[in-house]
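I set out to look up how the parts of this model meet. My entries follow the structure.

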Amino acid sequence: MADNNPRSVDPATLEMIDRASEAAVATAWDRLESQEPQCGFGRLGICCRNCTMGPCRIDPFGEGADRGVCGATADTIVARNLLRALLSGAAAHSDHGRDIVHALALAAKGKSEAYRIKGPEKLRGLAREYGIAEKDRSDEEVASDLAQFLLAEFGKQEGVLANLARVPEQQQKNWAALGVTPRGVDRDIVTGMHMTHIGVDNDPEHLILGSVRAALADGWGGSMIATDVSDVLFGEPQPTRSLANLGVLKEDEVNLVVHGHEPTLSEVIVAAASDPELLALAESKGAKGINLAGICCTANEILMRHGIPLAGNFLQQELAIITGVVDAMVVDVQCIMPAIARLQECFHTKIFSTSSKAQFPGMTHIEFHEDEAMETAKKLVRLAIENFANRSPEKVCVPKQKEGLVAGFTTEDIFTFLGGRYRPSYRPLNAGIQTGRVRGLAGVVGCNNARFTHDRYHLEMGKELIRNEVLVVQTGCSAIACAKAGLLAPEAAEKYAGKGLQEICRAVGIPPVLHVGSCVDNSRILTAIVEVVKEGGLGDSMDKVPVAGAAPEWMSEKAISIGMYVVASGIFTVVNPPLPVQGSRQVEELLTKTFEQHFGAAWAFEEDPIKGAHLMSDHIDRKRRELGLPPLMYEVPYAPKGNDDPDG
Amino acid sequence: MKRIVADPTKCMACRACELACALAHADTDDFIEAIYEQRAKPRIYIESAGGLAVPLQCRHCEDAPCVRVCPSGALLRLSQNEPVQVDQERCIGCAFCVEVCPFGVIMLRECSAEGNSGGKKAVIKCDLCAARQAKGLQPACVAACPVGALALEEIEQGAKRIRATAARAIVGDMTQTEDQS
């Protein structure tokens, strides 16, 4: 509950929240207040609306109804609801992946001048991996075959996902034993939906395993394909410097903010924004230039590849408009609040929806199609320029905060970077962990959630981990939170990291918190751990590696899918808030305990970010002990527990 | 004395009041812990009748049958204008009060949440959230209702409101009658 907790720990955000109050404009935090108290049945997951004999709900006090009209128990209802929510998340990621592959197919056939194959090395690597002929063939020919091959992964009706070949043997065995080996991206999502229909699957454990299969089809399928093909099409990201927070918006330039998730349009807008004709038009309107900035994951995509600054994360989308200097906001899919459309009544910002999948009452819809990408992008930039003159000077209020960062680490470059140009391998990373200079790795990812003080959980957890010698990798809005607080700058190592981690960061010139991309790029964390396993010395399976995950402010259904594929891949994961499963002891027990036997990893629910970081450290320490690794090289504030202590 | 007044025409049967009530009477702010660890129970009940959902809880009767029949002095009223309270330490669990309550809103329950008596059973009922009211807060059920179907008010105040509505209805009827003529 919101209680009297501050709404954010980010000064720019707090300033703009005050600004919103002055302007009598409601934000997500105000709307949350009007939603309180929120429904306990929903939070516990014990309300079922899957058929119209209902809605049914189970009495958590154990006195009233213990079954729905069809006879479903709390355990069934909770598991079925979790599966449905997860499927929506898996579908969102995977459909994003399909769009990127579609763009690759068009680019390969020369049907879209806006796209070129900018990652030929990755293209040919993938072709070799999938057995697509690439020698003596042009990039376009190879790309065309690759696109067809990957599109078939979505519609696959028989066999299993091709990317299973990337999965370490132990994980494959675990999945086969439980019947959760992912088969086809669309198939596993559709089968999951079928399972949730009234009178189909009613066994709680079987339902949860259905969710695991769909999540794996996302993580190792849809999301991973999205990441791979984005790298092929838009180029493999390279470490790049940029800035983050609302202070990147410029009072004397045309500001165009892209918000959403798919890089297909934002990539082309980057090109359009440097078009000389449009720059001249901007100047003729009195602007000093065209300033592009991003919110949410589309921001992460163009940050990694072009150094485009981050205006903010999920809960800052309204606040960007309230600065009064955003001339256009271009949105596509996922995490776009319909609330922002109404802000156009108070502020001059024009908001354009662009996806054939997502329309918003009050926004202007300019539908984007890959084959006319550049025309659409230029049109949108022009509309932004033309709106520059409509700013109301009395409404302009841009916070000063903008923090330096380095982003753009990938599986391919991230740890080879650690090895340096002349010895590019994962050896230095593995060696760092093996010698105890670095304790282990942690992925801290996920959303913002208005129910919890904005950014606080990401920052506290991130800082606690790095000061305890855990190297942190981040994606999504979590990465943006830490970027704004300076954790993604190399200097953060001196300021916040433990001594061993500091030494590594100093030696290679990396920050202690590494930005590895957008939320589909959580697949990069999977492939990075696979590389760690392959490098050797840290166990022959993903669940043996001293690594943990967390989503300390999650809110979207995509996060459920991410968490599930990460856990099922052998990575212990702490989340806040808890999954909406606490109305069923059986399901909660399955996820937080029994999964350990199934996958070598389980979920944990912990609100306190420091305690969450400690759970992660405990897990990493247990893995270190199991591998027989030596004690940490330097003393740490949160010391490993003795060998006699039971884990956790 | 203010009482909780329910409007069954507004109640959506979401049972947010039940959850909030149980939490307000537990020794924790954690909803999950209250329900599953402490086995906290609500003192407000949503009954269904005639297609409506009717919230019910202790009426704090002027001549309360529960207070009359209680042999151990566990049900008591500190003074004339105070709500009827339960002293769970004194309760012997005979359940006479449960039998005589005309509204069925007194229940015999394990009272682990309140002054833990080692799983002993004692009666529980609405105390008008005396502890919350002492802090200037509304009773938990009233605060939790998302549609304003519950209110804490003097019964005279409620009666005045009903009179006002009735008066409007009468005048409305007359106006309509005039219009028709």
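I began with a term: a salt bridge is a side-chain nitrogen of Lys or Arg within 4 Å of a carboxyl oxygen of Asp or Glu. I note that this is a predicted model, in which local features need pLDDT of at least 70 and side-chain atom pairs count only at pLDDT 80 or more, while totals for chains, interfaces and linings use all residues. Residues are numbered from 1 along each chain as its sequence is written, chains are lettered from A in the order in which they are written, and side-chain values use heavy atoms, without hydrogens and water.

Entry 1, chain A with chain B. I found three salt bridges across the interface. One that I looked up joins A:D59 to B:R15, with the closest N and O atoms 3.5 Å apart. On the chain A side that touches chain B, I listed five nonpolar, three polar and four charged residues (Ala, Val, Leu, Ile, Met, Phe, Trp, Tyr, Cys and Pro count as nonpolar, Asp, Glu, Lys and Arg as charged, and the others, Gly among them, as polar). The two chains bury about 1500 Å² between them, 60% of it on carbon and sulfur atoms; buried area is the accessible area (1.4 Å probe) that two parts lose on being put together, summed over both. A:F61, A:E63 and A:R585 supply 40% of the area that chain A buries against chain B.

Entry 2, within chain B. I took domain 1 as 1-56 + 130-154 and domain 2 as 58-125, bounds that come from an automatic or database domain assignment. I counted one salt bridge between these domains of chain B. The side chains of B:R3 and B:E62 meet in a salt bridge at 3.4 Å, N to O.
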